[in-house]
Amino acid sequence: MKDFILKGNICYSQDLQTIRCVENGYVVCLDGKSAGVFEEIPERYKDLVVKDFGDKMIIPGLVDMHVHAPQYSFRSIGMDMELLDWLEARAFPEEGKFSDVEYAKKAYSIFVDDLLKSTTTRACIFASRHVEGTWVLMDLLEKSGLVSYVGKVNMDRNAPDYLREESAEKSAEDTVRWIEGTAKHFENTKPIITPRFIPSCTDPLMERLGKIQKKYNLPVQSHLSENLSEIELVKELCPTSKFYGDAYHQFGLFGGDVPTIMAHCVHPPKEEMEMMKEQGIFVAHCPQSNINVLSGIPPIRDFLNEGIQVGLGCDIAGGTVLSIFRAMVEAIQLSKLRWRLVDQSKKPLTVEEAFYLGTIGGGAFFGKVGSFEEGYELDAVVLDDAALPHPQEMTVAERLERMIYLSDERHVAGKFVRGNQLF
């Protein structure tokens with residue numbers, strides 16, 4: 001049933017600075033899309049079924065722009081290492097296990113079950129480099145009703161033997177086999193080209209991935225300028241590139257007519273930021289991971305001032321929790337540290353801005369997603385804050401802010417994706 005009305009305390013972003021809150025309001029859903037938010041039901045919609053959530057809050061579904069599904073099983077372990085050491089000690093050994101399809105089923109089932117319980121309705125996800133294991137993940141996500149992009153990871157250098165692909169040619173062949181195996185099989189789960197990052201991909205592999213992208217017209221996701229030691233490694237590996245982003249750009253894998261997400265972007269030089277803006281790059285800001293693997297504080301205010309598109313990611317297992325609410329809080333907190341320690345001319349992020357990044361900011365990668373404005377796809381999360389009692393009177397806006405800072409999956413009372421009620 002794609003035509004109905006949601007009733008409750010409605011909260012959604014109208015722009016980067018404004019959250020509209022409608023107490024005891026109505027969101028009208030027609031064929032899986034929002035027809036708008038109203039204080040009273042318009043006469044033309046009087047015959048629609050009303051799903052009444054009482055005093056609960058209803059917000060757009062949150063969007064996770066960057067998460068590594070095979071790393072979910074070891075989150076919160078090894079958080080005292082820098083990025084490259086952490087990859088060698090923790091991430092690579094775990095990802096190697098996903099050559100075993102039965103292990104992949106067990107691990108990915110846990111990940112998808114927990115993602116379903118969270119406030120996330122859409123996600124951009126890294127799998128491992130294994131074709132069959134990636135199919136397992138995509139099948140589980142499709143059955144969940146969530147909407148996602150999933151990438152079979154490419155990596156033919158700077159990885160242990162058990163995880164490194166044997167050649168650029170074999171990596172490309174497996175990528176094509178994976179893409180063609182998913183064609184017309186999934187409605188909500190789509191492939192995305194996923195070179196892990198420049199240090200793990202040779203030039204011949206990147207050249208092949210560029211050709212595959214053009215043939216199949218797929219989006220791209222990867223990492224960019226995350227960690228200082230990583231950036232130095234890229235300079236050694238790609239001496240002809242002007243900067244990290246240029247190493248992607250020379251192969252046609254950095255925006256333009258290729259929808260592209262680059263995670264982190266903590267230390268972009270001026271020239272790289274200019275190219276990001278020019279090419280329409282989406283930044284996946286993952287604040288908890290930036291703290292945990294000692295990367296730094298990205299210039300999010302500069303991105304926003306320049307009109308660069310920014311969303312939020314949990315970056316499991318650099319991050320430790322799936323909550324995009326938590327990412328909102330930490331994005332605000334990191335921006336405060338940047339203001340205090342780096343540049344006091346750039347204001348910290350506000351709650352309104354962080355909420356926008358977690359909804360419309362990331363949702364824009366999927367199209368008209370992340371708002372209840374007319375024409376947006378109807379993704380919604382119902383929040384119940386009854387278990388967080390308070391003695392004072394609070395506005396709906398104050399209750400929402402409190403939920404951003406205090407809530408977890410136990411406060412999720414309902415979930416809708418493209419008008420379909422998941423629970």
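A residue is called buried here when its relative accessible area is under 20%, and that cut-off is worth keeping in mind while moving through this predicted model.

**Stop one: S289 and its surroundings**

Select S289, which has its place in helix α9, residues 287-292. With a relative accessible area of 1%, S289 falls under the 20% limit and therefore counts as buried. Now display what surrounds S289: leaving aside neighbours within four places in sequence, the residues in contact with S289 are E226, H264, D315, G318 and G319.

**Stop two: strands β11 and β12**

Move next to strand β11, residues 220-224, where five of the five residues are buried, so the strand is largely enclosed by the rest of the structure. Which residues of β11 lie on each of its two faces? On one side are V220, S222 and L224, on the other Q221 and H223, and all of them are buried, so that both faces of the strand are covered. Adding strand β12, residues 260-264, to the selection shows the partner of β11, since the two run parallel and are joined by five bridges. To follow one of these pairings, pick S222, whose bridge partner in β12 is M262.

**Stop three: the open sheet**

Select now the seven strands that form an open sheet with mixed pairing, in the order β3-β2-β1-β4-β15-β16-β17. The edges are β3 (33-38) and β17 (420-421), each of which pairs on one side only. Helix α12, residues 351-363, packs on this sheet, where it touches β1 (4-15), β2 (18-30) and β4, and the direction of α12 makes about 115 degrees with that of β1.

Within the sheet, go to strand β4 (residues 50-60) and strand β15 (residues 380-383), which run antiparallel and are joined by four bridges; I58 stands opposite V382 in β15. From β15, step across to β16, with which β15 pairs in the antiparallel sense over four bridges, and where F416 is the residue opposite A380. Strand β16, residues 412-417, is mostly covered, five of its six residues being buried. Two bridges then lead from β16 to β17, again in antiparallel pairing, with V417 standing opposite N420 in β17. What lies between the strands in the hairpin of β16 and β17? There are two residues between them, and in this hairpin R418 takes a positive phi near 50 degrees.

**Stop four: T359 in helix α12**

Return to helix α12 and select T359, which is found in it. T359 has a relative accessibility of 0% and so counts as buried. Setting aside neighbours within four places in sequence, T359 is in contact with S13, P60, G61, L62, V63, V369 and G370. A C-alpha to C-alpha distance drawn from T359 to G370 comes to 4.4 Å, although the two are 11 residues apart in sequence.

**Stop five: helix α11 between two contacts**

Two packed helices are described by the angle between their axes and the distance between the axes. Keep α12 visible and add α11: the two pack at an angle of about 135 degrees with their axes 9 Å apart, which makes α11 oblique to α12. The crossing in which α11 passes α12 is right-handed. To see the contact, show I324, F325, M328 and I332 in α11 together with V351, A354, F355 and G358 in α12; by class, these divide into seven nonpolar, one polar and no charged.

Next, add helix α13, residues 396-406, which packs with helix α11, residues 324-341, at an angle of about 95 degrees, the axes being 7 Å apart. The two helices are therefore roughly perpendicular to each other. Here F325, M328, V329 and I332 in α11 meet M403, I404 and Y405 in α13, a contact made up of seven nonpolar residues, with no polar and no charged ones.

**Last stop: helices α2 and α3**

Finally, select helix α2 (residues 101-117) and helix α3 (residues 131-144), whose axes come within 9 Å and cross at roughly 30 degrees. That angle makes α2 roughly parallel to α3, and the crossing is right-handed. On the α2 side, the residues that meet α3 include V101, Y108, F111 and L115, while those on the α3 side include V136, L137, L140 and L141. By class, the contact of α2 with α3 has 11 nonpolar, three polar and two charged residues.

Terms used. Residues are numbered from 1 along each chain as its sequence is written. This is a predicted model: local features need pLDDT of at least 70, side-chain atom pairs count only at pLDDT 80 or more; totals for chains, interfaces and linings use all residues. Side-chain values use heavy atoms; hydrogens and water are left out. Two strands pair if DSSP finds at least two bridges between them. Contact means heavy atoms within 4.5 Å. Axes are lines fitted to C-alpha atoms, for helices over the stretch in contact, and angles run from 0 to 180 degrees between N-to-C directions. Angles under 35 degrees count as roughly parallel, over 145 as roughly antiparallel, 65 to 115 as roughly perpendicular and the rest as oblique. A crossing is left-handed if the near helix is turned anticlockwise from the far one by less than a right angle, and right-handed if clockwise. Ala, Val, Leu, Ile, Met, Phe, Trp, Tyr, Cys and Pro count as nonpolar, Asp, Glu, Lys and Arg as charged, and the others, Gly among them, as polar. Buried means under 20% relative accessible area, exposed over 50%, partly exposed in between (1.4 Å probe, protein chains only).
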